[in-house]
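Good morning, colleagues. Please take a moment to look over the sequence and the model on the screen before I begin.

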Amino acid sequence: MESKGGYPFSTCLVCFREGILTRHYGRVVCESCKMFYRRCVLKYKRYDCEYINMCYNGPPPLRPCYASCKDCRFNKCRTIGMQMQNETVPLLVAERYKCAAETIRDLIWNDDKRMNALKRQFSFDNPSLEEIVQSKGTCVQLVEQTKTHRLTPADWHFFFAYTTIVFLLHMDFITGMEEKDVITLIQENTVKTSLLFSSFDAMNRKFPSIRTPRGQHVVPESVREMFEKDPRYLYKTCNMLPNKFKELEVTYEEMLLITAIFFCKSETSPLSEETRKLLELHHDKFSSALLNYCKCAHSDTFQTRFEQLLELREILKENLKRIEFIAITTRIKLKPTDYKKLFDDILL
Ligand SMILES: [Zn+2]
Ligand SMILES: [Zn+2]
Ligand SMILES: [Zn+2]
C-alpha cells in the first residue's frame, strides 16, 4: 500500500508501530515520533530512564512501560539519525541572529555530552589535573553507572569536576592554547563552572540547594557535623546561586553563555599575551550572543536582563569564597585517602 507521499505502509524506525509514514527530520518515522522529537528539541526537554537505557531497543511490540520512556525514545530518535536544522536553538534566535544561534548550539552540543556522562557513566580513577589536560580527558576509564554503585558525595565531586573539565577542554578556542595556560585556566575555572552547572541543575529539579546528580547533599556528613553550631553558613553556601537563578528564571542558553563569558574573563592568573587576546576575542563573541539572545527573549527589557545576568558574577565570587573556606575545613577533617588528587588541584 502506498501513501500520498509515496512511502509504504510500514514500521516506524523509532517506536516500531505500523502506519503510514513520511520523512521527518531526515528519517522515515510516524507522526507521533516526529512531534515528540520536535518538542524535545525545541524545548530542550530532558528525561531520565527508569530502567537500563534500552527501552526502545525492541524487539517489537514495545511493552507499555518501555514505550513510555521518553529518555530512551529521544535517544532512539537521535541514534537513527533524526536531525533538525538549527537543532536545540529556539527559532527566534536562529532566524534573526545566525551567529548567536551557532554559538549557542555549539555550547549546547558540548554540554549534552557532559550531561549524558553524568547520567550514565562514572569513574573510579584518580588522575591529576595535568593528566586530564594532557590527555584531553581520555586518561580516565569510564564505567556504566548501575544502581549497585554506591557513590558518595566525594565520588560525585570528582566526577562532576571531571566532566566540567572535559566540557571546558572541548570549547573550540582552547585547542590552540599553550598547555601551561590551559592548566592555569582550568585550575581557576573548574569549581566556578561546576557551581554554575549545579546551581542551574538544582533550579531545574526544584531542589532548594545544589545536590549530587542522584539528589544527595553535596557536603559529606562528616563535614556537616563540623558546622552544627552554625548550619546556616553551609545552607546559604549551597543555595545562594540556585536562589538567584530561580529569581531571574535563568534559561539554559543564558546559563551556558554566562558560563562561557565568565570563563573568558579569567583575571587572577598569569597568562601569555596570545592567550589573553584569544580570551578577549571570545569574551566579545559570547557577550554579543547573549545580548542578541536577550533582544529576542526579552525585547522590551533586554538591556536590564543583560546586566542582571552579568551581575551574577558578583554572587558567584562570594559563593566561591565560601566554598574555599568549607574546602579548607574539609581538608583538615578528611584523611588523605578520602579525597582525590583533583580536589587539591582545583581547590587549594
Ligand atoms: Zn513512531
Ligand atoms: Zn528508558
Ligand atoms: Zn530504558
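How much space lies in the second largest pocket? In this predicted model, the volume of that pocket is about 730 Å³. Its lining comprises 33 residues, and those closest to the pocket centre are H157, V218, I323, F343 and L347.

Let me turn to the composition of this lining. Nonpolar residues number 22, alongside seven polar and four charged ones. Helix 7 (153-169) contributes the largest share, with seven residues. At least two lining residues each come from helix 7, helix 8 (179-204), helix 10 (231-248), helix 13 (302-333) and helix 14 (341-347).

I now move to the metal site. Which protein atoms serve as donors to the zinc ion, ligand 3? They are the SG atoms of C49, C55 and C72, at 2.2 to 2.6 Å from the ion. Along the chain, these donors follow the spacing C-x5-C-x16-C. C55 sits in the loop between helix 1 (31-42) and helix 2 (64-67), while C72 belongs to helix 3 (residues 70-79), so this pair ties together parts that are 17 residues apart in sequence.

Are C55 and C72 buried or exposed? C55 has a relative accessibility of 2% and therefore counts as buried. C72 is buried as well, at 7% relative accessible area.

One further point concerns the second zinc ion, ligand 2. The model places ligand 3 and ligand 2 at 2.1 Å from each other, and C49 coordinates both ions.

Thank you for your attention.

Methods: Residues are numbered from 1 along each chain as its sequence is written. Chains are lettered from A and ligands numbered from 1 in the order in which they are written. This is a predicted model: local features need pLDDT of at least 70, side-chain atom pairs count only at pLDDT 80 or more; totals for chains, interfaces and linings use all residues. Side-chain values use heavy atoms; hydrogens and water are left out. Donors are N, O and S atoms within 2.8 Å of the metal (3.2 Å for Na, K and Ca); water is not among the atoms, so sites may look incomplete. Helices (H or I, at least four residues) and strands (E, at least two) are DSSP runs, numbered from the N terminus. Buried means under 20% relative accessible area, exposed over 50%, partly exposed in between (1.4 Å probe, protein chains only). On a 1 Å grid over the protein atoms alone, a cavity is a set of points where a 1.4 Å probe fits but cannot get out, and a pocket is an open set with protein on both sides within 12 Å along at least five of seven lines; lining residues have an atom within 4 Å of a point. Grid points are joined across faces, edges and corners, and a volume is the space filled by probe spheres set on the points. Ala, Val, Leu, Ile, Met, Phe, Trp, Tyr, Cys and Pro count as nonpolar, Asp, Glu, Lys and Arg as charged, and the others, Gly among them, as polar.
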